[in-house]
Amino acid sequence: MALTPKNELSREEKRAKQENAQQEALLREVDEAVRQSDAEQFLDRWGKPLFGLLIAGLVAFGGYLYWDSRQEAAMERDSEALVGALDQIQSGNIDSGYDRLEELAGREGGGAAVAAAMMRAGIAEQRGDSEEASTIFKRVADNDSAAPAMRDLARLRDVALNYDSMKSADIIATLKPLAVPGKPYFASAGEFVAHAYLDQGKRAEAGAMFAQIAKDENSPESVRSRARQMAGVLGVDAIEDVDAVLEEQGVQRDEAASENAAAATE
């Protein structure tokens with residue numbers, strides 16, 4: 001009697017294996033059919049809206065690229081206009097530079113338009129046209145699109161231009177928000193406010209303002225020196241470090257004491 005090899009499958013096992021393979025193939029076909037049906041249903045329901053969103057996104061992106069290129073081109077034109085005007089001004093052709101800036105300065109917004117306006121105001125002031133300069137300064141100061149520092153500068157320049165014709169109360173009201181330590185134009189605005197206080201006879205307020213300026217390390221030394229002297233005249237001590245002040249003035253403490261003693265004996 002012949003023995004069946006151990007690795008040879010019986011007829012029943014072969015049949016069962018074949019049936020399993022057929023079932024797996026059928027399940028795969030059914031699964032693919034279900035997936036395809038789900039995809040078709042999804043596309044039937046959401047295909048058009050998704051396609052519309054895709055088109056809208058592409059249009060928006062294209063619009064942004066177009067807008068960005070236009071903005072960049074406009075910035076280049078504005079820069080060229082400013083540079084061209086500066087070249088004319090530096091060459092002594094002030095009127096030509098003034099005219100070149102007219103279109104750019106007349107636009108709404110900040111940045112180059114504000115810079116052009118401030119340059120035109122400076123030229124108008126230099127030519128003696130105070131009314132035109134003041135009008136431009138006021139327009140920049142009221143421009144919400146301009147940088148706060150530029151608006152403050154325009155406000156300060158306008159007061160400086162019209163100081164003699166302004167009421168002290170108006171000067172204080174206009175510049176007091178700028179006359180705060182830490183603000184970009186604190187020293188200059190503070191000097192105007194302090195002198196306006198003096199015009200009103202408010203010596204204490206003026207002395208306090210001069211003292212603040214004198215003690216502000218961020219202010220120019222020339223302004224601090226003037227403020228220190230004015231504070232002293234008004235009876236306010238504005239010197240925190242005597243040695244530092246003497247050193248800045250090139251005087252040693254012993255030398256200053258000797259000079260004071262000599263002056264006292266005379």
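Biologist: What is the mean pLDDT of the protein chain?

Modeller: Keep in mind that this is a predicted model. Of the chain's residues, 58% reach a pLDDT of 70 or more. Averaged over the protein chain, the pLDDT is 76.

Biologist: And which helix has the lowest confidence in the protein chain?

Modeller: At the high end sits helix H7 (residues 168-175), with a mean of 96. Down at the bottom, pLDDT stays under 50 over residues 256-266, and the model gives that stretch two contacts beyond four places in sequence. The lowest mean, 44, belongs to helix H12 (residues 253-265).

Biologist: Let's look at a single residue. Is Asp152 buried or exposed?

Modeller: Asp152 has its place in helix H6 (residues 148-162). Its relative accessibility is 14%, and the cut-off for buried is under 20%, so Asp152 counts as buried.

Biologist: Which residues does Asp152 touch, leaving out those up to four places away in sequence?

Modeller: Asp152 belongs to helix H6. With residues up to four places away set aside, the ones Asp152 touches are Leu178 and Tyr185.

Biologist: Moving on to H9, how far does that helix reach from its first C-alpha to its last?

Modeller: Helix H9 (residues 203-215) has 13 residues. At 1.5 Å a residue, 18 Å would be expected, and the model comes close to that. The reach is 18 Å.

Biologist: Which helices are included in what covers the buried residues of H9?

Modeller: The buried residues in H9 are Ala206, Gly207, Met209, Phe210, Ala211, Ile213 and Ala214. Their cover includes helix H8 (186-199) and helix H10 (221-233).

Biologist: Now the rings: how many aromatic pairs does the count come to?

Modeller: The count comes to one aromatic pair. Tyr163 and Phe192 form it, 5.6 Å centre to centre. The two residues are 29 residues apart, with Tyr163 in the loop between H6 and H7 and Phe192 in helix H8. So, for the number you asked about, the answer is one.

Biologist: Is Phe192 buried or partly exposed?

Modeller: Its partner Tyr163 counts as buried, at 17% relative accessibility. Phe192 has a relative accessible area of 23%, and buried would need under 20%. That makes Phe192 partly exposed.

Biologist: Last one: over which ring does the charged end of Arg127 sit?

Modeller: Arg120 lies over the face of Tyr98, at 3.9 Å from the ring centre. The charged end of Arg127 is 4.2 Å from the centre of its ring, which is that of Tyr98.

Methods:
Residues are numbered from 1 along each chain as its sequence is written. This is a predicted model: local features need pLDDT of at least 70, side-chain atom pairs count only at pLDDT 80 or more; totals for chains, interfaces and linings use all residues. Side-chain values use heavy atoms; hydrogens and water are left out. Helices (H or I, at least four residues) and strands (E, at least two) are DSSP runs, numbered from the N terminus. Buried means under 20% relative accessible area, exposed over 50%, partly exposed in between (1.4 Å probe, protein chains only). Contact means heavy atoms within 4.5 Å. pLDDT is the predictor's confidence in each residue, from 0 to 100. The expected span of a helix is 1.5 Å times one less than its number of residues. Rings of Phe, Tyr and Trp (its six-membered ring) pair if their centres lie within 6.5 Å; planes under 30 degrees apart count as stacked, over 60 as edge-to-face and the rest as tilted. A charge sits over a ring if NZ of Lys or CZ of Arg is within 6 Å of the ring centre and within 35 degrees of the ring normal.
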